[in-house]
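Work through the exercises below with the sequence and the coordinates open. Each task is followed by a solution in steps.

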Amino acid sequence: MEEIIEGKDYSFPKEEEKTLEFWERIDAFQTQLKRSEGKPEYVFYDGPPFATGLPHYGHILAGTIKDVVTRFQTALGHHVTRRFGWDTHGLPVEYEIDQKLGIKTRDQVLEMGIDKYNDECLAIVMRYREQWRKVVSRVGRWIDFDNDYKTLDPSFMESVWWVFKQLVDKDLVYRGFKVMPYSTGCNTPLSNFEAGLNFKDVSDPAVMVSFPIEGDEHGAGMVAWTTTPWTLPSNLILCINAGFTYVKVKSKATGSVYIVAESRLSQLPTPKKGKTDAPKAEAVKVAETPAKGAAKKGDKKAVKEASEPVVDTSAYEVLAKYKGSDLVGKRYTPLFPYFTDYSKEAFKVVADNYVTDDAGTGVVHCAPAFGEDDYRVCLANGVIVKGADLPNPVDASGCFTATVSDFQGRYVKEADKDIIAWVKANGRLVSSGSIMHSYPFCWRSETPLLYKAVPSWFVAVEKFKDRLLVNNQQTYWVPDHVKDKRFHNWLENARDWSVSRSRFWGTPLPIWLSDDGEEMVVVGSIQELEELSGFKATNLHRHKIDHVTIPSKRGPEFGVLKRVEDVFDCWFESGSMPYAYIHYPFENQELFERNFPGDFVAEGLDQTRGWFYTLMVLSTALFDKPAFKNLVCNGLVLAEDGKKMSKRLKNFPPVTDVLDEYGADALRLYLINSPVVRGEPLRFRKEGVFAVVKDVFLPWYNAYRFLVQNALRLEAEGFGKFSPLDLTTLQKSTNVLDRWINSSTQSLVKFVKQEMEAYRLYTVVPFLLKFIDNLTNIYVRFNRKRLKGRTGEEDSRVALSTLYNVLLTTCKTMAPFTPFFTEDLYQNLRKVDPSAEESIHYCEFPEVQGETDERIEQSVTRMITVIDLARNIRERHNKPLKTPLKEMVVVHPDQDFLDDITGKLGEYVQEELNVRSIVTCNDPLKYASLRAEPDFSSLGKRLGRAMGLVSKDVRSMSQADILAFEKSGSVTIAGHELTGGDIKVHRDFKAPDGVKKEDVDAGGDGDVLVVLDLRPDDSLQEAGFAREIVNRIQKLRKKSGLEPTDSVEVYYKVVGAGSENDVLKRVFASQAAYIQETVGSSVLAQENLPAHAVVIATEQFSGVAGGSFSVTLAKPALSFAFDLLTELCSGNKEHAQNISVVLLAKDPATLKSSKTVNVVIDGQGDYGLVAGKHFFLSVGEYCQRLSS
């Protein structure tokens, strides 16, 4: 392995860039695909994003989820094709061209020419392709951009035709009028799920209008309430509820006579006596339950008014009461003169149960072209005929046609005020006001939607709605509540789907019709079109095939069939993706049929009404199967302030900034470890990404760096290159922490595999975080001596090999989540294994090796708790770790754990906490009194009124009762069985007899109790001072920039005289072994520092044991046994001196590798010097020889 830099100098973004270059150099993704060919297929469908926008955090989130899952499945042994997709048709593209060219009407496109218009669309659809490729690749997602699919590809479009023809053959397509949300900004109807994408709170007019009943003796008028005055010119009928009671009332102030529902009489205005102008109604805000139906017509739906104006009903005299059914059939005077040709069938009162009495007047005005219920009720009452033209005086741009001559050319919403004025001028306005309600806007043009009857081609979804519900149950979702509630409810209320759009840039409907409408041909392929028309198409867009005709089968006299002008809704194309992206059924039949439904899809929550829905509809219609088996649905990524991310508001950091500062892996883990992967919203915080770097990657890197440093140390010390021991050997290690970390690593592998197979990505990071914390703060920290070789070379190799195996296994396990960091570590780790794969992403997911040791994992977990509790006690009493304590008592009923804490784990606990002895106790009452409390959060809802009695009895449980409960796990109180989570057991510390309260303290977590003896002990003082000396030496090493592998010798000198310095001298003498073992260097008195030694640093310290001392760090210096050298030179001291000069001039590395050295002095004598006898590689070795 190669030497690596410190964590503080490691730039995650820059290293990721290097990894990207490495992947490109070895063509990693394509190589991985080739290596996995022939393995079982794992089919992933990539939902196509619109190609006209740039990638944002929502795309990165969904892409990360997809990448994690597909990398994991590849590592499990699957072949996973990953092709990027582009949604290239539809409104997003057309709207941009309309804005660019200033196009406002359909006629302008036709004047320009569909071919030129479509060429403009084609020119922009892939303009952001390279930006997408750059960002997607930068975040580490492996997906094929070179072999991508586009909805504009002829092969894709041909498969869409095939899908549609299958639906026609199954009698699941029809043409009809339907009132749909209509975008006047884009001149096209929208699907219901598109209409739900952009609601805004707006103020609209709210008016009451009188419709005089013909022949009424009092001249009464039915009063209807509406929030869409622009629909009044198209009124054909009034609708009431036959079951309601209606009243005819006379205004005492004006004499006007009205008919309204009795329960809505309070809504009539109360004008002042003598004033005949229509009064202004109070403005109403719909807040509690905003009714989307108000978008169609405010008088149609149950719009719950938040604060209904209270009216003095004494202002009206009741003239008569009627059952609603008695009013049915009555005729009224039309409000406007525009549709008098409908007089025979229209302008009458009808009844329907959709009329409610919790808003308005109980009377609804109906205009069949502008409301779903209006259309249905008018059709049911013979006012209009199905399939015939409707009274629809509004054009594609939302302006009145010549039919409504008084308002011709006016945009309907802008004409509201003038229509109200017209109604008032004609004496028909009862009241006017405004209403605040939630209204749908076009998600693309930001114009208010109109609900408008349009001719369209429909998929008859309601015919197979029951099968949608059945197929939904065959799928697995994360989170499951989205499937069982949101998606289920949407399917349960599924309506027939309008799949045609009166637009230009899209896949044309493959329908050819005769002029008389009697003959229709639906084409399912390019070949079929050629056979029918003689035209061979290579491009299926409108401007390439609109001219193609098909001869009538009835004969030449019936002319030719022409293609209908519509194109497909782009959601129909994306719903066809599982078939069209592989050109099924024209190609890849076996591949598709063997692997359908697909294994996995993932997109945002909004796709429950979008792509997830269209996938399910088409797969059910075609094959009676769901399109996918598994689905991960993510929530929305919001700005930090909880608002939608907005470029205009600049309320979020640019993606590239975050990647450049923290790297892709940190961003990936931050997103995966958030509520957004559970379908909940995430408030994006840049600081959260930094926290991942700090809490996950830096500790992980430091553990890896510690391994590399000490593996290189072995080689530097002459023990040969590090080669990890095999796993079988490591599993036989007798070291308890080796066994624990090996078991914990297997638990990590097992957990990650289990959670990933269940698609619960969000559970992995917390588990990894705890594992990394344990690896660095327990295994590496507690094993520093072993890892640094201070317990012998063999033990050091076992510890280093264990750490190597743990890091390698962790990297392989986490590679799908953090592809860059794991690759970087792996490339260095694999250098000691000639058989290792070239990339970590070619490696298989680790198998669980052997059984996990649950007992040792639990014991170490409890040990960690013991250490934390003891540290807390020290902090409370201002007893720093450098102050040794005499005794710690650990109280727990599990004798196995107590044996572990005093046996295998004892030395680690004692060293970490600086306590001299550990005493165990399995009697929980010796140091604590037990107290039981009911868990109200657990029991409250369950017990209800019985909670008070149960609570009282729980609190009065005796010590014996509590012990019995803990042993059995349940207890019956006041007739209710309570189990473990229902009762909280508190252990209140009880000081032992004869011990002062301030001399002892305890801490517990409900499981383990720790008792610390805080009394000072002079015999422990010197050990405490020794820890402080070690601390100063280590700080000087770090300050000098030394690496752990750098070998130095430490020289000390106690400065000055006095009793304090005598204490320091005594500490250096008595604690020499501890100090040397801890710092890993010889610690020698300053007088032993040879003149030729290379000094690295010197510093003086004070405040330890009240005295002062200096520390000098020097490189190991050669030392000589001059008595033996003189003896070797036959008593010639000059030769002995000259020999030392010669050796000092030699390369220390050469001397280190030689056991003997031959030296010739002045051509006389050939002296054979023996290392460790005549000369020594360090002063420490020489002093050790003298002492022995």
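**Exercise 1.** Find the partners of strand 5 and give the sense of each pairing.

Step 1. Strand 5 is antiparallel to strand 6 (residues 221–226), and 6 bridges link the two. Strands are DSSP runs of E with at least two residues, helices are runs of H or I with at least four, and both are numbered from the N terminus. Two strands pair if DSSP finds at least two bridges between them.

Step 2. To fix the register, take Val207, which faces Thr226 of strand 6.

Step 3. Strand 5 (residues 199–212) also runs antiparallel to strand 14 (residues 429–440), with 11 bridges. Here Pro205 has Ser434 as its bridge partner.

The model is predicted: local features need pLDDT of at least 70 and side-chain atom pairs count only at pLDDT 80 or more, while totals for chains, interfaces and linings use all residues. Residues are numbered from 1 along each chain as its sequence is written, and side-chain values use heavy atoms, with hydrogens and water left out.

**Exercise 2.** Describe the pairing and the burial of strand 28.

Step 1. Strand 28 (residues 885–891) pairs in parallel with strand 29 (residues 915–921) through 6 bridges. Val889 sits opposite Val919 of strand 29.

Step 2. Strand 35 (residues 1009–1013) is antiparallel to strand 28, with 4 bridges. In this pairing Val891 is opposite Leu1009.

Step 3. Of the 7 residues of strand 28, 5 are buried (buried is under 20% relative accessible area, exposed over 50%, partly exposed in between, with a 1.4 Å probe and protein chains only).

**Exercise 3.** Characterise the contact between helix 36 and helix 38.

Step 1. The axes of helix 36 (residues 1021–1039) and helix 38 (residues 1072–1079) come within 10 Å and cross at roughly 35°. Axes are lines fitted to C-alpha atoms over the stretch in contact, and angles run from 0 to 180 degrees between N-to-C directions.

Step 2. Helix 36 contributes Ala1026, Arg1027, Ile1029, Val1030, Ile1033 and Gln1034, and helix 38 contributes Tyr1074, Ile1075, Thr1078 and Val1079; contact means heavy atoms within 4.5 Å.

**Exercise 4.** Is Asp569 buried or exposed, and what does Asp569 touch?

Step 1. Asp569 lies in the loop between strand 23 (567–568) and helix 17 (570–575).

Step 2. The relative accessible area of Asp569 is 2%, so this residue is buried.

Step 3. Leaving out residues up to four places away in sequence, Asp569 touches Ser191, Glu194, Trp497, Ser498, Val499, Ser500 and Arg501.
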